[in-house]
Amino acid sequence: MSTPLLTIEPGALSLASLRRIWRDGIPLALAPESVAAMDASAAIVQAIIRKGDPAYGINTGFGKLAQTRIPDEDLALLQRNLILSHSVGVGAPLEPRIARLVMALKIGSLARGYSGIRASVVEALLAMYNAGLVPHIPEKGSVGASGDLAPLAHLTLALIGEGRILHRGQWLPANEALDHAGLRPVTLAAKEGLALINGTQVSTALALHGLFLAEHLFHAAVLAGAMSVDAAKGSDAPFDPRVHEVRGQPGQIRTARMYRSLLAGSTIRQSHLSDDNKVQDPYSLRCQPQVMGAVLDLMEQSARTLLAEANAVTDNPLVFPSRDGRPAEVISGGNFHAEPVAFAADTLALAIAEIGGLSERRVALLIDTTISGLPPFLVPEAGLNSGFMIAHVTAAALASENKSLAHPGSVDSLPTSANQEDHVSMATFSARRLADMARNTAHIVGIELLCAAQGIDFHAPLRTSEPLRALHQAIRQEIPFYREDRLLAPDIETIGGHVLEGRYTVNPPDLLGP
């Protein structure tokens, strides 16, 4: 059975489609109307060349060299030189699922037909994607304006048969990898190199990667938080819908509903409904809807921005066909400036840090017998055994690291290109650091899941709710009860990895919509 294709309708990629590209590498196809639109804009570029009018990036130099006119016979060489000179990225290559997103976003942007690039060039990039070829795109070297120049140049380098490509798990010279896939290098025409390297696709792909990981973290943290409520014999009264309706925050209302559903039917809760000597639970239990609901609102806000950017035309200059009596024009603008992406990424950083920060507080609560009522450090013979004492230290270290990483990258700017590009977004770093933060938070939440599962065990024969019992059983199938000190690091890696992979989910699974 053949794998179904995802057709890229210009400007209409959905969040669900982007997830499938990121997660599964689903094959792509171009909508037929996009081919005509691209070729029409390429024809406008050729008309400008024939007429001899100067147009930035078509028959001029770039950046500070925009006043330098390039002879017609050198225009193809100009584009090749542009790619070679801009391929200056450093660091590890983007992981394949991020590189796939970059390619798909670039294809979708160019397919809208405002970039002056031939459809055949975009189809060559599409063929690379569908062949499973992953260009070597170094993760560092972009300031997020004028677009993600260096990383996108490395993408284009592979397209023209230079640089390296990952083919069936092996890095090969690009021309060799293309040949193995039955593809040929592309020779770029006027404007095409600039169209390929100018844009926000790398920073957007990195931010979407962070967004999708944040969804996984949110799911797991809500589950862990609900289980911690039962483990600490906390109250479900703070999740009463009336409390949240009178405040009116949408994320808070949605999140409180999740906690109510997860805790419903717990016999642990039933056991302390009366004669409970606790007046109020600590904030890390009681205020979960308020905190996690605010996190959800931030994630939704970031998702809206990133979805718009994923469908945007962000290169420069832009080629507009004749319309409504106006002639065709090439207009220089600034859509390559990735400030919206930087702000969205910085917002996601706050959300990811706060998920981990709240989870760390619940770990601290669970190991403290004076608050949780559980055995000290969640181990039967504390003293002889240290239990989860130092697991909490790890959680604290990771939460503290995230505080530094959450500092907004968008507040920084360094002028580039001899002060022609005098304000930049730093969106690429803002987005790239989200993966590190997500890994930190996944391990914090993983530690909480282990602690909460341990706490539930101490309440036997009382049972937690059905959904939390299923989660507890899934953990116990891999990780046995912590009866005495043993090597705990592999358990943390296992459960933290499951959190990052999105193995633990609450309904609805797609928090941010399709």
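## The largest pocket

Which element provides the largest share of the lining of the largest pocket? In this predicted model, that share comes from α3, which contributes 3 residues. The pocket itself holds about 380 Å³ of space. Its lining is made up of 23 residues, and those closest to the centre are H86, S146, L149, S417 and E421. Two or more lining residues are given by each of α3 (75–86), α6 (149–159) and α8 (192–197).

The chemical character of this lining can also be described. Sorted by class, the residues that line the largest pocket comprise 11 nonpolar, 10 polar and 2 charged residues.

## The second largest pocket

The volume of the second largest pocket is about 290 Å³. A set of 16 residues lines this pocket, and R19, W22, R23, H216 and D510 are the ones nearest its centre. The elements giving two or more residues to this lining are α1 (15–24), α9 (201–231) and α20 (489–501). Among these elements, α1 supplies the largest share, with 5 residues.

How many residues of each class line the second largest pocket? The lining divides into 5 nonpolar, 4 polar and 7 charged residues.

## Summary of the two pockets

The two pockets may be set side by side. The largest has about 380 Å³ of space, and α3 gives the largest share of its lining. The second largest has about 290 Å³, and α1 gives the largest share of its lining. Charged residues number 2 in the lining of the largest pocket and 7 in that of the second largest.

How values were computed:
Residues are numbered from 1 along each chain as its sequence is written. This is a predicted model: local features need pLDDT of at least 70, side-chain atom pairs count only at pLDDT 80 or more; totals for chains, interfaces and linings use all residues. Side-chain values use heavy atoms; hydrogens and water are left out. On a 1 Å grid over the protein atoms alone, a cavity is a set of points where a 1.4 Å probe fits but cannot get out, and a pocket is an open set with protein on both sides within 12 Å along at least five of seven lines; lining residues have an atom within 4 Å of a point. Grid points are joined across faces, edges and corners, and a volume is the space filled by probe spheres set on the points. Helices (H or I, at least four residues) and strands (E, at least two) are DSSP runs, numbered from the N terminus. Ala, Val, Leu, Ile, Met, Phe, Trp, Tyr, Cys and Pro count as nonpolar, Asp, Glu, Lys and Arg as charged, and the others, Gly among them, as polar.
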